[in-house]
Structure formats: C-alpha cells, structure tokens
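Student: Please take a close look at the nonpolar core of this model, and then relate it to the strands around it.

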Amino acid sequence: MNESKTTGSCLCAAVTYEITGDPMFTGHCCCIDCQKASGADHITLTFYTDDQLKISGEIAEYGVVADSGNTNYRQFCPKCGSRLFSRNSAREGVRGVHAGTMDNPKNIKPSRVLYTKDQRPWDHFDKDLPCFEQMPPPPPPKES
Ligand SMILES: [Zn+2]
Ligand SMILES: [Zn+2]
C-alpha cells in the first residue's frame with residue numbers, strides 16, 4: 001500500500017492541499033486556454049480522484065467550454081490568483097492538480113503532451129513523450 005503524501009499551496013498559502021497516493025496520470029497541456037489562464041507556455045496537470053485530495057481554504061473557479069463541448073473549470077485562489085486545480089464537467093470526481101503548486105511532487109511522470117498544435121516554438125519536452133495535436137481519448141479508469 002503506497003501512502004505517499006503530496007502537499008501543495010497557492011502563492012499566498014490561503015489555499016493548501018494534501019494528496020494521498022499516486023496520480024492516475026500526468027500530462028503537459030499546451031492549449032491556448034491553459035496558456036492564457038496561466039501566463040505560462042503550458043500547464044503540467046496531474047490527475048487524482050477527489051477522494052485522494054483534501055483541500056483547505058476558499059477556491060474560486062472559471063468555466064470555459066472546451067473543444068469537446070464539456071466545460072473545463074479552472075480553479076484558483078481568489079486572493080493571489082494562483083491556479084491550483086482543474087475539473088471537467090465530463091469527469092465527475094476527478095481533478096487535475098497543477099504540478100507547479102506542489103511542495104514535494106512525488107511520482108509525477110508526465111506521459112503525454114496535449115495540444116501540440118498550440119505549442120510555443122520555444123517550449124520543449126522529452127522527445128520520447130507521445131504528442132497529441134488536440135485531446136486524445138481519455139485513458140481507461142484506474143482499477144482500485
Ligand atoms: Zn493564494
Ligand atoms: Zn490546456
């Protein structure tokens with residue numbers, strides 16, 4: 001039984017979180033929406049089930065309709081504006097944690113690059129990673 005704990009917070013630390021166990025998967029997302037929302041070239045998203053994630057503090061969210069027609073909610077600290085989590089209306093109970101907010105990332109192994117059609121020319125990844133122009137079909141759910 002792997003009980004590794006990962007902790008993280010926003011910049012001002014009004015929002016903190018604790019994660020139990022390993023992620024379902026991790027991917028880099030280069031889509032324009034992630035770039036605009038973060039101000040960075042891409043976001044590294046690490047996916048967990050809601051019951052792995054304990055959040056303290058108030059979070060705000062902003063929803064945008066994604067290519068799939070589902071709504072992608074980006075969740076952030078209303079005080080300092082750090083983006084911490086993402087959730088999608090089509091994936092109840094699953095949350096993407098933005099790896100840049102983690103204090104002690106554990107077992108984070110990016111396995112794909114998403115939305116390479118929007119990738120900035122200076123943004124480079126491990127060339128062995130599978131790349132997808134847009135959003136690939138979702139991975140099979142993890143057996144537990
Ligand atoms: Zn904050
Ligand atoms: Zn994205």
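Tutor: A nonpolar core is a set of buried Ala, Val, Leu, Ile, Met, Phe, Trp, Tyr and Cys residues joined through C-beta atoms within 7 Å. In this structure, which is a predicted model, the largest such core has ten residues in all, namely Cys-10, Val-15, Tyr-17, Ile-19, Tyr-48, Phe-76, Cys-77, Leu-84, Phe-85 and Val-97. Two elements, β2 and β8 (83-88), give two or more residues each to this core. A second, separate core consists of nine residues, including Cys-30, Cys-31, Cys-34 and Tyr-115.

Within the largest core, Leu-84 can be followed outward through its contacts: leaving aside neighbours within four places in sequence, Leu-84 touches Cys-10, Val-15, Phe-76, Cys-77 and Val-97, and the list also includes Ile-59, Gln-75, His-98 and Thr-101.

Strand β2, one of the elements named above, also belongs to an open sheet of three strands in the order β1-β2-β5, with antiparallel pairing. Because β1 (5-9) and β5 (53-56) have a single partner strand each, they stand at the edges, and one side of each is left without a neighbour in the sheet. From one strand to the next the twist averages 15°. Between β2 (residues 16-20) and β5, which run antiparallel, there are four bridges, and Glu-18 stands opposite Lys-54 in β5.

For contrast with the buried set, consider Lys-36 in helix α1 (residues 32-38): Lys-36 counts as exposed because it has 9 C-beta neighbours inside 10 Å, where the cut-off for an exposed residue is 12 or fewer.

How values were computed: Residues numbered from 1 in each chain as written. Chains lettered and ligands numbered in written order. Predicted model: local features only at pLDDT ≥ 70, side-chain atom pairs only at ≥ 80, totals over all residues. Pairing = 2+ DSSP bridges. Axes fitted to C-alpha atoms, helices over the stretch in contact; angles between N-to-C directions. Buried ≥ 20, exposed ≤ 12 C-beta atoms within 10 Å, placed from the backbone. Contact = placed C-beta atoms within 7 Å.
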